[in-house]
Amino acid sequence: MPTDHTSQVSADLSVIVSEAGPETGRPVLVLHGGGGPATVAGIAGHLSRSARTLTPVHPGWDGTPRPDWCTGVDDLALAYLHLLEDRDLRDVLVVGSSLGGWIAAEMAVRDGGRRIGGLVLIDAVGVYVEAEPIADYFALDPRAAAELSWHEPDRYFIDPAALPADQLAVRQGNMATMRVLAGDPYMHDPKLLRRLGRVRRPALLLWGESDRIVTPAYGAAYAAAFGNGRLEVIPKAGHLPQIEQPEATLALIDSHLRQTS
């Protein structure tokens, strides 16, 4: 069973981390996107069978505190590098979905202590492809967001009006935090692409074929920019292939975990 710990990563920033799996297993850091920890729970649960998985809740998500100075993805990237350093973890596989993939990439370019051994970015934001701008998620109504996010939007659409008030408040708080961290410039770091060439740890880019928030062109741009990147496009999946096509997604992650051990 996973256990939750509060890790103090700086003087005034603490992070809730769910930890599971064998202590002697390879460490894996699993980073969620804007939808919160539930969107990567399946990945963390699967990997914890053999790996030591750490799944933090980003500050400001699910009602957790976020200090006023924590206003960018770079702040989260440094916080999680400090977490790895404080726990003296090495050869860490960092798996990030959407916003979490962006955080993972920013961690990799700052990993002076060589804590990271490999990367898996799943439909990550963080870079910009001129010909295919990132969909403005904040401007979309819930139905339009579902149409762009899912291969089968009718199956996965949730009407916010049908949610209990407490769940709706959590969603609204999560999106407010996302605006602070990734609203300007919108969902990307203009400097990131040209910095990735010096990241030579193996990077697997997993992309849902039907993602229209960040299209597979973004996976191709990331793969080309990394010093050792490879793109795998997952059919019949959108922005969260780990939910729409879990078997295919987890098989690719498992293979990458073995190849980079």
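**Figure 1. The loop that holds Pro-185 lies between α6 (165-182) and α7.** The model shown here and in the other figures is predicted. Asp-184 and Pro-185 are joined by a cis peptide bond, with omega at about -5 degrees. Met-187 is also placed in the loop between α6 and α7. Although Met-187 is not a glycine, its phi is positive, about 60 degrees. Met-187 has a relative accessible area of 6% and counts as buried, because the cut-off for buried is under 20%.

**Figure 2. The whole protein has ten helices and eight strands.** Taken along the principal axes, the box filled by the C-alpha atoms is roughly 45 × 35 × 35 Å. For 261 residues, a compact globule would have a radius of gyration near 18 Å, and the 17 Å of the protein agrees with this. Of the 261 residues, 54% are buried. The accessible surface comes to about 11500 Å², and carbon and sulfur atoms account for 52% of it. Among contacts between residues at least 6 apart in sequence, 77% join residues at least 24 apart.

**Figure 3. Strands β1 (residues 3-10) and β2 (residues 13-20) pair in the antiparallel sense.** Seven bridges connect the two strands, and the hairpin they form has two residues between them. Within this pairing, His-5 stands opposite Val-17 in β2. Strand β2 is also joined to strand β4 (residues 52-57), by five bridges, and these two strands run antiparallel. Here Ala-20 stands opposite Thr-53 in β4.

**Figure 4. Helix α2 covers residues 73-86.** At 1.5 Å a residue, the 14 residues of α2 should span 20 Å, and the distance of 20 Å between its end C-alpha atoms agrees with that. Buried residues of α2 include Val-73, Asp-75, Leu-76 and Ala-77. Further along the helix, Ala-79, Tyr-80, Leu-81, Leu-83 and Leu-84 are buried as well. The helix is followed by Asp-88, which has a positive phi near 55 degrees.

**Figure 5. The loop between α2 and β5 contains Asp-91.** Asp-91 is a residue other than glycine, yet its phi is positive, near 55 degrees. With a relative accessibility of 33%, Asp-91 counts as partly exposed. Val-92 belongs to strand β5 (residues 92-97). Unlike the partly exposed Asp-91, Val-92 is buried, with a relative accessible area of 1%.

**Figure 6. Val-92 has contacts with residues beyond its neighbours within four places in sequence.** Those contacts include Arg-26, Pro-27, Val-28 and Leu-29. Leu-29 is 63 residues from Val-92 in sequence, and their C-alpha atoms are 6.9 Å apart in space. Val-92 is also in contact with Leu-84, one of the buried residues of α2. The contacts of Val-92 further include Arg-115, Ile-116, Gly-117 and Gly-118.

**Figure 7. Strand β7 is mostly covered, with six of its six residues buried.** On one side of the strand the buried residues are Ala-203, Leu-205 and Trp-207, and on the other they are Leu-204, Leu-206 and Gly-208. Strand β7 pairs with β6 in the parallel sense over four bridges. In this pairing, Ile-122 stands opposite Leu-206 in β7. The pairing of β7 with β8 is parallel too, over six bridges. The bridge partner of Ala-203 in β8 is Gly-229.

**Figure 8. Helix α8 (residues 216-225) has buried residues that include Tyr-218 and Gly-219.** Tyr-222, Ala-223 and Ala-225 are buried too. Seen down the axis of α8, the buried residues fall within an arc of 165 degrees, so they line one face of the helix. An α-helix has 3.6 residues a turn, so residues three or four places apart point the same way. The cover over the buried residues of α8 includes the helices α3 (99-109) and α7 (192-195). It also includes the strands β6 (116-122), β7 (203-208) and β8 (229-234).

**Figure 9. Helix α10 covers residues 246-259.** The 14 residues of α10 should span 20 Å at 1.5 Å a residue, and the end C-alpha atoms are 20 Å apart, which agrees. Thr-249, Leu-250 and Ile-253 are among the buried residues of α10. Ser-255, His-256 and Leu-257 are also buried in this helix.

Methods: Residues are numbered from 1 along each chain as its sequence is written. This is a predicted model: local features need pLDDT of at least 70, side-chain atom pairs count only at pLDDT 80 or more; totals for chains, interfaces and linings use all residues. Side-chain values use heavy atoms; hydrogens and water are left out. The expected span of a helix is 1.5 Å times one less than its number of residues. Buried means under 20% relative accessible area, exposed over 50%, partly exposed in between (1.4 Å probe, protein chains only). The arc is that of the directions from the helix axis to the C-beta atoms. Contact means heavy atoms within 4.5 Å. The radius of gyration is taken over C-alpha atoms; the globule rule is 2.2 Å times the number of residues to the power 0.38. Accessible areas come from the Shrake-Rupley method with a 1.4 Å probe; for residues, only the protein chains shown count as cover. Two strands pair if DSSP finds at least two bridges between them.
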